[in-house]
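Please open the structure in your viewer and keep the sequence panel visible beside it. The tour proceeds selection by selection, and each stop states what is to be found there.

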Amino acid sequence: MIPFLLKFHERYDLRQTLECGQIFRFQKHNNDAQIYYIPLKDRILKIFQKNDHILEITSNKNQDLKPILSTFFRLNDDYQQIQRRISIDSLMGKILAATNGLHLLKQDVFECTISFLLSQCSNIPRITRNVNNLAEQFGTPINFDNQQFYLFPTREQLLSVSEQQYVEMGFGYRAKYIYNFVQNTPNFIKKAINLENPSKNHSKNPSENHSEILTGIELNQALQNIQGVGQKIADCVQLFGFGDLSYFPVDTWMRKFMIQHYFNDKKASIKAIRQKGQDLFGKWAGYAQEFIYHYARSYENLNNSKS
DNA sequence: ATCCAGGCATGCA
DNA sequence: TGCATGCCTGGA
């Protein structure tokens with residue numbers, strides 16, 4: 001199979017990109033640190049970091065691979081310009097140097113929403129376990145590269161799953177959020193899913209075509225109308241799922257970092273911190289957030305005894 | 001053993 | 001509007 005080459009003008013660091021916390025479902029190759037597998041929508045990607053600028057990608061399915069990869073890897077982002085804009089002071093310069101090569105990914109909206117619904121009051125290992133359990137129990141198995149993988153379940157595959165089953169999977173009080181989201185998926189989400197999977201859904205349901213494609217504040221409000229989605233999760237889905245780079249999700253890590261470095265008021269509210277992020281970094285606040293988040297977790301001891 | 005975690009919904013001032 | 005509290009589970 002001929003690998004598909006993705007060439008980046010600036011540096012691309014696959015490991016940082018996948019391990020920075022923006023995405024939960026990826027898998028390291030057993031004995032090659034340069035290779036990762038990612039289940040993406042209807043296929044499995046095998047990604048090899050050939051050098052600082054080239055990714056080699058093979059998949060079990062090559063149909064529409066080019067546009068799918070272009071979207072997922074955000075090939076149209078001007079990384080250099082983004083870095084320049086975010087480099088507002090020496091601290092950010094230091095962070096940009098440390099995270100150079102970390103890129104955002106544009107994830108599947110359905111999977112992204114469920115993943116972040118599961119994220120509240122949890123931690124990355126547990127969230128990863130939860131989403132992998134969902135895939136293994138309800139997703140389509142794919143044999144690829146002599147290994148068994150599982151696609152993230154489609155909405156249709158989850159429709160028959162009960163709230164109790166989610167509870168038994170250890171989702172806790174998040175079970176009802178997932179159940180409700182699957183059963184009552186808002187039209188703007190369905191629309192996003194259909195647009196992202198053009199090969200499916202040839203049969204259009206006319207009743208679902210009234211809704212406009214939401215953007216900006218309207219999209220953020222619509223996301224927060226989903227049970228279990230507040231400001232933070234809405235921002236994550238808007239950034240990672242819908243690809244709106246101007247959003248700046250503030251979780252406890254971001255809060256600690258921002259207060260330490262950019263606030264005199266040590267009790268600054270989430271709302272104020274979120275606003276500050278957008279004021280400082282403008283339309284690329286989302287990239288800034290991810291650089292900071294990864295840096296803060298990896299290199300800075302924010303009064304939290306983790307290494 | 002408590003305590004709190006990549007928040008949210010609810011109730012109360 | 002802003003703040004306190006409970007929520008499932010599980011790891012420290």
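**Stop 1: Domains 2 and 3**

Begin by colouring domain 2 and domain 3 separately: 13 residues of domain 2 are in contact with 12 residues of domain 3. The area buried between domain 2 and domain 3 is about 940 Å², and carbon and sulfur atoms give 61% of it. Select Asp244, Tyr247 and Pro249 next; these residues supply 56% of the area that domain 2 buries against domain 3, more than any other three residues. The centres of the two domains, taken over C-alpha atoms, are separated by 26 Å. Please note that this is a predicted model.

To set these parts within chain A, use the domain assignment, which gives domain 1 as 1-76, domain 2 as 77-102 + 244-307 and domain 3 as 107-242.

**Stop 2: Helix H5**

Within domain 3 (107-242), select residues 109-117, which form helix H5. Is this helix mostly covered or mostly open? Helix H5 is mostly covered, with nine of its nine residues buried. Among them are Val109, Phe110, Glu111 and Cys112. To see what surrounds the helix, display helix H6 (124-138), helix H7 (155-158), helix H9 (175-183), helix H10 (187-196) and H12, against which the buried residues of H5 pack.

Then show the side chain of Asp108. Asp108 caps the N-terminal end of H5, with a side-chain oxygen 3.2 Å from the backbone nitrogen of Phe110.

**Stop 3: Glu196**

Move to helix H10 and select Glu196. Is Glu196 buried or exposed? Glu196 has a relative accessible area of 19% and is therefore buried, the limit for that class being under 20%. Which side chains make polar contacts with the side chain of Glu196? One is that of Lys41, at 2.7 Å; another is that of Lys106, also at 2.7 Å. Beyond its neighbours within four places in sequence, Glu196 is in contact with several residues, including Gln107, Asp108, Val109 and Gly241.

**Stop 4: DNA strand B**

Display DNA strand B together with the 22 residues around it, of which Gly21, Ile124, Tyr173, Gly228 and Gly230 come nearest. For a link to the previous stop, Gly21 and Glu196 are 175 residues apart in sequence and 23 Å apart in space, C-alpha to C-alpha.

The surface near the strand comprises 11 nonpolar, nine polar and two charged residues. Helix H12 (231-241) and helix H13 (252-262) each supply at least two residues of this surface, and H12 gives the most, with three. Of the strand's atoms within 4 Å of the protein, 55% belong to sugar or phosphate and the rest to bases.

Zoom in on three individual pairs. An N or O atom in the side chain of Tyr173 is 3.0 Å from a base nitrogen of DNA strand B. A polar backbone atom of Gly230 is 2.7 Å from a phosphate oxygen of the strand. A backbone N or O atom of Ile233 lies 3.2 Å from a phosphate oxygen of the strand.

**Stop 5: Two residues with positive phi**

Most residues other than glycine have a negative phi. Select Asp64, which has a positive phi of about 60° and lies in the loop between strand S5 (54-59) and helix H2 (65-72). At 39% relative accessibility, Asp64 is partly exposed.

Finally, select Arg74 in the loop between H2 and helix H3 (79-86). Phi of Arg74 is also positive, near 55°. Arg74 is buried, with a relative accessible area of 14%.

Conventions: Residues numbered from 1 in each chain as written. Chains lettered and ligands numbered in written order. Predicted model: local features only at pLDDT ≥ 70, side-chain atom pairs only at ≥ 80, totals over all residues. Heavy atoms only, no water. Near = heavy atom within 4 Å. Polar contact = N/O pair within 3.5 Å; in protein donor to acceptor, adjacent residues only side chain to side chain. Helix = DSSP H or I, 4+ residues; strand = E, 2+ residues; numbered from the N terminus. Nonpolar A, V, L, I, M, F, W, Y, C, P; charged D, E, K, R; others polar. Buried < 20%, exposed > 50% of the residue type's maximum accessible area, 1.4 Å probe, protein only. Contact = heavy atoms within 4.5 Å. Domains from an automatic or database assignment. Buried area = accessible area lost by both parts, 1.4 Å probe.
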